[in-house]
Every structure is written in C-alpha cells, then in structure tokens.
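Open the structure in your viewer and keep the selection tool at hand. The stops below say what to select and what is there.

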Amino acid sequence: MAEQISFTVESPRGPRTVAVEYERAGSGEPLLLLHGIGHHWQAWRPVLEILAAERDVIAVDLPGFGASPGLPEGLAYDLSTVVPVLGSLCEALRVERPHVAGNSLGGLLALELGREKRVRSVTALSPAGFWSPAERRYAFSALRAMRAGARSMPVPMIERLSRSAAGRAALTSPIYARPGRRSPEAVVAETLSLRGAPGFHQTLAAGREVLVTDDITGLPVTIAWGTADRLLPRRQGIRAKHTVPGARLVRLPGCGHVPMNDDPALVARVILDGSR
C-alpha cells in the first residue's frame with residue numbers, strides 16, 4: 001500500500017513542506033526508483049517484485065506527478081531543486097545513500113544524485129539530457145502531444161480504448177515497444193496521471209536548459225537503452241557513454257523508452273547487476 005510522507009526543505013523564501021507518495025517493498029540494501037515525466041511509481045510495477053526479492057525498494061511519485069502534490073511556491077522543477085528534495089526524502093525515510101535507478105527524467109535525476117555522491121550506484125534507463133537540439137524538440141513535441149491527447153479525451157473514451165491492444169497502442173506507443181502487454185487498468189491509470197500532472201509543464205520548461213556534459217566518478221554507473229526507443233533514440237546512449245566513460249552501457253533488445261514493461265526480467269537483472 002502506497003504511503004505519503006511530508007518533510008521540510010529550504011527555499012529562497014524560507015522552509016517549505018514537500019509531500020511525496022511512495023511504495024516500499026522488500027528487504028536488503030535500499031534502492032530508490034524514479035519514473036519519467038508524466039508517469040508515476042506504478043511504471044516500476046512490472047519489476048517491483050523481482051527487485052524486492054533482493055532490495056529494500058522505494059518507488060517514488062516525483063513531486064507534481066502521480067499522487068504526489070506539486071512543489072510549493074518558491075520551489076522550481078529543476079535539477080537544482082528536485083535533487084536536494086530527493087535527498088531530503090531519503091533523510092526523512094532514514095535511508096542513507098541508496099542505490100538509485102531512474103527512467104527518462106528519473107534517469108537524469110539518478111545521474112545527478114550520482115554526481116553529488118548521494119547514492120551508492122546509478123542505473124539510468126534512457127536518461128534525458130543526451131539529446132541534440134533537434135532530438136530534444138522532437139521528444140518535447142511528442143510528450144506535449146501525449147499530454148494534450150490525454151487531456152482532450154473523456155475518461156470513458158480512455159477506458160474504452162484501453163480494452164483493446166490497438167487502443168492501448170494509440171495511447172502509449174510513443175513510450176512502449178509492446179503496448180499491448182500493458183494491462184487496460186495500467187494504461188488508464190497512467191493516462192490519467194499524465195493528464196493531471198501539475199508538474200508537467202514546468203518540468204518540461206526546465207528541461208530546455210538541460211544538456212548532460214559532466215562525468216561521474218567514484219561509484220558504479222550503468223546506462224541502458226532500449227533498441228526500440230522511439231522517444232529518445234538509442235544513439236543518445238553512445239553520447240552518454242562518451243560523457244560518462246566509466247559507465248557500463250547496456251542494450252535492451254526490443255525495448256522502448258519505458259522498458260520495464262517491455263522486458264521486466266531483463267530490466268530487473270540490469271538494475272540488480274548495476275547495484276551489486
């Protein structure tokens with residue numbers, strides 16, 4: 001059962017209270033899971049049970065996404081704010097330097113947590129920030145189109161589309177290589193999460209300034225990319241390897257941008273190997 005925790009963070013306007021929804025399962029060394037823009041912690045559900053067999057897994061709804069409220073006034077949705085917020089979350093949960101795995105936006109945040117030495121290891125699945133200007137414009141346009149589509153459709157239409165493989169593909173094909181494998185209930189929930197996310201536009205706006213150029217040293221880093229990623233093409237993985245030369249670069253055959261659903265066993269193995 002997901003829980004919500006509140007904690008205090010500092011801002012230029014003084015202390016602010018942030019609330020975050022999270023799911024926690026398993027035992028072992030702590031592993032923090034971070035989803036992509038517009039998604040929610042349930043994106044990790046296909047791999048959660050496998051990971052929880054070896055790790056104390058904490059799957060988070062990032063602020064302004066899923067069931068987590070938006071950031072309070074005075075806090076921006078940029079790396080310089082969200083990374084310390086995640087650090088404060090770990091302190092509130094009494095978790096010291098967890099392993100971290102993130103997808104897309106979550107992968108970018110995971111890498112930043114690694115640069116600041118707040119974590120023990122990093123696994124980044126199709127992380128944001130290794131794009132060319134043209135690739136960034138394409139990805140942002142695709143994300144805006146998905147958000148606009150989710151907001152324009154009545155809920156009964158979303159539910160009706162989710163009942164067929166073709167409908168699930170229409171709703172989610174930009175992020176899954178095998179959208180037909182996603183359950184109707186999961187597709188409805190994530191479409192509504194994208195539709196209602198209060199942090200979407202500000203996070204996307206902050207991403208215009210992001211281009212990853214810094215190496216990470218002193219801890220294990222794994223960067224994994226789906227060969228069928230339509231949102232952030234896999235050539236960005238080569239750039240990531242050049243930027244973080246000590247990282248292990250892993251191909252995820254047949255997987256899309258959110259690979260946890262496309263091949264749960266492979267993704268779980270990559271995360272566990274990267275956190276050993």
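A crossing of two helices is called left-handed if the near helix is turned anticlockwise from the far one by less than a right angle, and right-handed if clockwise. Keep that in mind for the first stop, and note that this is a predicted model.

**Stop 1: two helices**

Select helix α1, residues 45-52, and helix α11, residues 264-274. Their axes come within 9 Å and cross at roughly 50 degrees. Angles under 35 degrees count as roughly parallel and 65 to 115 as roughly perpendicular, so α1 and α11 are oblique to each other. The crossing in which α1 passes α11 is right-handed.

Now show the side chains. On the α1 side, select Pro46, Val47, Ile50 and Leu51. These residues meet Pro264, Ala265, Val267, Ala268, Ile271 and Leu272 in α11.

**Stop 2: paired strands**

Move to strand β1, residues 3-9, and strand β2, residues 16-25. The two pair in the antiparallel sense, over seven bridges. Pick Phe7 and look across to β2, where Val18 stands opposite. Between the strands of this hairpin are six residues. Select Gly14 there: its phi is positive, near 105 degrees.

Next add strand β4, residues 55-60. β4 pairs with β2, again in the antiparallel sense, over four bridges. To find one place on this pairing, select Glu23, whose bridge partner in β4 is Ala59.

**Stop 3: two loop residues with positive phi**

Select Arg94, in the loop between α2 (79-92) and β5 (99-103). Arg94 is not a glycine, yet its phi is positive, near 60 degrees. Is Arg94 buried or exposed? Its relative accessible area is 78%, and exposed means over 50%, so Arg94 is exposed.

Then go to Ser104, in the loop between β5 and α3 (105-115). Ser104 also is not a glycine and has a positive phi, of about 60 degrees. Its relative accessibility is 9%. Buried means under 20%, so Ser104 counts as buried.

**Stop 4: cysteines**

Select Cys90, which is buried, with a relative accessible area of 10%. Then select Cys255, buried as well, at 0%.

How many disulfides does a search of the whole structure find? A disulfide is a covalent bond between the sulfur atoms of two cysteines. The search finds zero, so there is no pair of cysteine sulfur atoms within 2.5 Å to select.

Definitions and conventions:
Residues numbered from 1 in each chain as written. Predicted model: local features only at pLDDT ≥ 70, side-chain atom pairs only at ≥ 80, totals over all residues. Heavy atoms only, no water. Buried < 20%, exposed > 50% of the residue type's maximum accessible area, 1.4 Å probe, protein only. Pairing = 2+ DSSP bridges. Axes fitted to C-alpha atoms, helices over the stretch in contact; angles between N-to-C directions. Parallel < 35°, antiparallel > 145°, perpendicular 65-115°, else oblique. Contact = heavy atoms within 4.5 Å.
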